[in-house]
There are 4 protein chains.
Amino acid sequence: MTVRFVVLGCGRIGSMHADYLHRRVAGAEVVGVFDVVTETAEAVAAELGVPAARTLDEALSIDADAVAICTSTDTHVDCMVAAAEAGRTIFCEKPISLDIAEVDRGLAAVEAAGVALHIGFNRRFDPSHKAVADAVVHGAIGDIEVLTITSRDPAPPPIAYIEVSGGIFNDMAIHDFDMARYVTGSEVESVYAVGRVRVDPKIGVAGDVDTAVIVLTHENGCLTTIDISRRAAYGYDQRVEAFGSAGMAQSTNHHDVNAVLATDQGYRQSPLQNFFLERYTASYLDQWEAFVDAVENGGPTPISGADGRAPLVIGMAAKRSMDEGRPVLISEIV
Amino acid sequence: MTVRFVVLGCGRIGSMHADYLHRRVAGAEVVGVFDVVTETAEAVAAELGVPAARTLDEALSIDADAVAICTSTDTHVDCMVAAAEAGRTIFCEKPISLDIAEVDRGLAAVEAAGVALHIGFNRRFDPSHKAVADAVVHGAIGDIEVLTITSRDPAPPPIAYIEVSGGIFNDMAIHDFDMARYVTGSEVESVYAVGRVRVDPKIGVAGDVDTAVIVLTHENGCLTTIDISRRAAYGYDQRVEAFGSAGMAQSTNHHDVNAVLATDQGYRQSPLQNFFLERYTASYLDQWEAFVDAVENGGPTPISGADGRAPLVIGMAAKRSMDEGRPVLISEIV
Amino acid sequence: MTVRFVVLGCGRIGSMHADYLHRRVAGAEVVGVFDVVTETAEAVAAELGVPAARTLDEALSIDADAVAICTSTDTHVDCMVAAAEAGRTIFCEKPISLDIAEVDRGLAAVEAAGVALHIGFNRRFDPSHKAVADAVVHGAIGDIEVLTITSRDPAPPPIAYIEVSGGIFNDMAIHDFDMARYVTGSEVESVYAVGRVRVDPKIGVAGDVDTAVIVLTHENGCLTTIDISRRAAYGYDQRVEAFGSAGMAQSTNHHDVNAVLATDQGYRQSPLQNFFLERYTASYLDQWEAFVDAVENGGPTPISGADGRAPLVIGMAAKRSMDEGRPVLISEIV
Amino acid sequence: MTVRFVVLGCGRIGSMHADYLHRRVAGAEVVGVFDVVTETAEAVAAELGVPAARTLDEALSIDADAVAICTSTDTHVDCMVAAAEAGRTIFCEKPISLDIAEVDRGLAAVEAAGVALHIGFNRRFDPSHKAVADAVVHGAIGDIEVLTITSRDPAPPPIAYIEVSGGIFNDMAIHDFDMARYVTGSEVESVYAVGRVRVDPKIGVAGDVDTAVIVLTHENGCLTTIDISRRAAYGYDQRVEAFGSAGMAQSTNHHDVNAVLATDQGYRQSPLQNFFLERYTASYLDQWEAFVDAVENGGPTPISGADGRAPLVIGMAAKRSMDEGRPVLISEIV
């Protein structure tokens, strides 16, 4: 069986997913693409040799098994509802929406339609981070007690993006909140967050911060610290460390070039891989394989709608904590 | 010139200092030792071939340039006051005292006598941590924005020690609070701390926690996270990472054996150096060289009495933060 | 412009090249494939949606710019001669042939036809090894004095392959001989080789060795050591180290999982990437980009026919050295 | 019991041994020192508070258990013979002598006197190299098949030293020949060596080379490669790698500073420890502990006279191989 996909949204991440699905994922093919900008859809369609739909309705009328929702965040839920009603299995990029009511509308439609839904928290499929999570699951570090996540982008996005992104906690740290739930296997109870504008004053003018430290407490007693920054001079820094009663598991960064130069100035190694498209290639491919496998075998998708909702709530708690200068309980938000 | 030392306190750390001063530090010699347990003093005295004093007064009557106060914490200030009145240059192990009023009594006596005082925060002299601090001072990472300290002991001390230690923040994290001031070069403004009993319930019964996460905010805008545990299965884990506008500097752990074994099970490396006596040998020796140099040249000691006082205040704020579940300003404490 | 390829040979390496050219290399497309086993060709053709030729003549009658010769080694030269006469730019997998007279016949045909030829020593394009070569070219290590190559396969090939492979020096070490010429930028003068049967006695029965050490001397004074084995329990071990008057450059191995696990047993990391298809993916893609660029711009191919011939001669010298127990001059062979 | 030592020779290595024995090795003390330059002996004697002998006879008349022979190489055997006749347990620095007949005279005297003898191949006690040897002994890498030794000094010694050192093979590579016997646990059968003058033409004028590559074959089938250089811009490079049927064990270099700096220029680490006094401190101390233990318990010394002789023979074979351009059998030399 080959799982037939229609890809909704053909921007940077959508065109990447379309290419991967059509050319690099066994058991998957793209049978149509859609974008609100018709030229964008047509360019990707031509590259893959598949039809470009001009409207969402037209896209959902293409005979297919699944859709990949890669449109702009504010249109995710509309796509989700329409795809659910059309009976498609749904892959949706994160975040589902920045508005919890909207999220709940989407999830309700999915549940009503009885279709399967997967939220694209791809980092769970990164082989290095997954090794950390597996070490926890398999007891290799005993009971998890402290989780440390370092998450630094190489450079900030355009200010125009920051103005609509929902802020650093829901735009950037949302991946880390998901990682915290994934690695600890435990829900978050409280959030304490402190943020600063250090990278670019314009980010502050736009109402956001660019540097932050967050402490989460979990139901199982684990304490998580997250530090995030929108700029790291040495590349895309992505590390996860789980510490427990029997040891520690730690994912380390990736270099494109695995070579050292030793001179009288010391040892030198190249900077890190630039950004997520390079760093997380394996995670995107492995995520698709897991999704396709779930569709073929009718099993549950690896990351549920509830998994997509929870990090948004944590992000809202983090924002409130920063604004009010106090730890905030998750139960205050929901 | 040779700086003549009388070592006060001949326990584990005192006998180590006596051995280092007498045998491994150029320009230093021990001319007498004292311990409240006479047999303990006599054993060290015999090993070094120097006299053992039976009382503090007798110890301070020995013709010497400096004293090294290595007695139990609750007697530090009495020793400090007596040594100051005797005109000795003073090295005092950390913490000065668990009681701020006592600390202030000691510092006042030192100031009244006009003698020099150094507090033994030896980790500042660790070559690896020092490289991180130097990177900050020299601008190699630009402006410091986030500091991350990981500090995990291999195994908890006896419960009897924990009952009188002053608690994890003033006993163990005090080194990390000092490191935060040292590396950032900036005073702490607020403290948020969360603690858990995960290692041993008896530690909880004794009124302490054994696992904690702390967030500090600094006057210069830097955010510091500290995670501490009283037990790490893989050895003594001591890491400091400074992140800034132009890069990141990170001290890594030390292995006694620098070798790997690669088999079909993967790559293996030995555990970390066991504990501070092994890990921080270089720091103890380099600290003595800096102290002896200050005595010989009449310069300021590297770590002042005020540097000894500040981490105690941070520790008090951390305890209050944990107890009250809110961030605490340093200005609330002092 | 898109460079149109016909892929000759659809085995493991041929089908990989066809997939990469058609789907992952910008500016390239496959317009036909051929294999002596028609079903093999048809399977790849169907996967890519291109025609399968039933004969070499038919394959060369397809309108195309270039051919990729990926057939079995003993048919390379016939393909090369026919492709040259058909005016195609030629990519040929290594080795050109195990028979120098045959190699010369192929190169003569290429020269007579005036077509461009590239030999697929892909490791030159590995980003890590290339960083070592670049360090030499750019003077970062000063004058190169010693080159050290470690080249260990995870497991030996089938005995049936070893019987026709031309022996360890021309089958396996040929890559390392090419690497030695590439990194040092200097021709080889003499070869000393010692071999042993350690992995499997059947390899000895087949007339080959499975473990060897080789010393090369170069015209520029550099000394190269190569150690090769057909079996490494911990994975595919591929390292190159150039030592010179101003320093050292070293390519290190790649792990699929960049994570460590630390317990009371020490630190553990995963084994190496399994074999060349995983380890050298980037090199295959980068090689194609360089080749396509040369075709598009009419520049010289990165690796010439002479570059394909030289390592074979070194391999013959190595075999003679091992058989006769003495260093052998390259000038004795040619 | 305390083992009483007289140290013969108070130069750089002799004064280091005297200091270690007197101050840092449990169960050992120095009871006298001797040097042909009386002032040199007196300086060390004053530092330790022990008598300085004016002659060898006087030194051997001091009541002691053992001698440490640290004089210049050409006087080792005379000291050894005299110490044997005086009934002392003997520690002798390597090499015993550059003249095999002299070596045999010394070993005969030791045997006739029935005293224990240890040759100071300290690198066997380096914890990192020892971990490699232990991995072989304990079967962790299966049967050893290839041994790779990299041995690079930071800078060449004075030409005056090179003129009398016995040449690079007996002066510098002798440690590596010992390492090869130690790690493989097998005698050497043949030697192939190639040398070059790359570091300093004056070394060539003095009749020596400064850069060399050596291949050893062992009785157990193992193949060893050694590369040595008298100059490494990045510090003292000392690595040993044992490859076998079940895996690989590798000792890595030591840095004084375990820290990295990451910027847009990449990752940087400090150069290596400068030279053997820093790099091999642990080996010198551990060697003394093993020696003292052997004296106290009457067991065999860890490194015998035969172990001191064998590397000299390998060095002579290496020299002949380089001069004659062919592999040389050890049986040709002895």
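**Chatting through a predicted model**

Q: Which strands of chain C does helix α1 lie across?
A: In this predicted model, helix α1 (residues 12-23) of chain C lies across β1 (3-8), β2 and β5 (89-92) of that chain. The helix runs at about 150° to β2(C).

Q: OK, and in what order do the strands of chain C sit in the sheet?
A: The order is β3-β2-β1-β4-β5-β6, six strands in an open sheet, and the pairing is parallel.

Q: Which strands stand at the edges there?
A: β3 (52-53) and β6 (117-119) of chain C. Each has a single partner strand, so one side of each has no neighbour in the sheet.

Q: Sticking with β3(C), how many bridges pair it with β2?
A: Two bridges, with β2 (residues 28-34) of chain C and β3(C) running in the parallel sense. In one of the pairings, Phe34(C) has Ala53(C) in β3(C) as its bridge partner.

Q: What holds paired strands together, in general?
A: Backbone hydrogen bonds, in either a parallel or an antiparallel arrangement.

Q: Switching to chain B: how many bridges join β4 to β5?
A: Four bridges join β4 (residues 66-69) of chain B to β5 (residues 89-92) of chain B, and the two run parallel. Ala68(B) stands opposite Phe91(B) in β5(B).

Q: New topic! What turn lays chain A on chain B?
A: A turn of 180°, with a shift of 0.0 Å along the axis and an RMSD of 0.0 Å. The two copies are therefore related as by a two-fold rotation axis.

Q: And which residue of chain A comes closest to the rotation axis?
A: Arg326(A), with its C-alpha at 2.9 Å. Also, the same surface serves both copies: 100% of the contact residues of chain A recur in chain B.

Conventions. Residues numbered from 1 in each chain as written. Chains lettered and ligands numbered in written order. Predicted model: local features only at pLDDT ≥ 70, side-chain atom pairs only at ≥ 80, totals over all residues. Heavy atoms only, no water. Pairing = 2+ DSSP bridges. Contact = heavy atoms within 4.5 Å. Axes fitted to C-alpha atoms, helices over the stretch in contact; angles between N-to-C directions. Least-squares fit on C-alpha atoms with pLDDT ≥ 70 in both.
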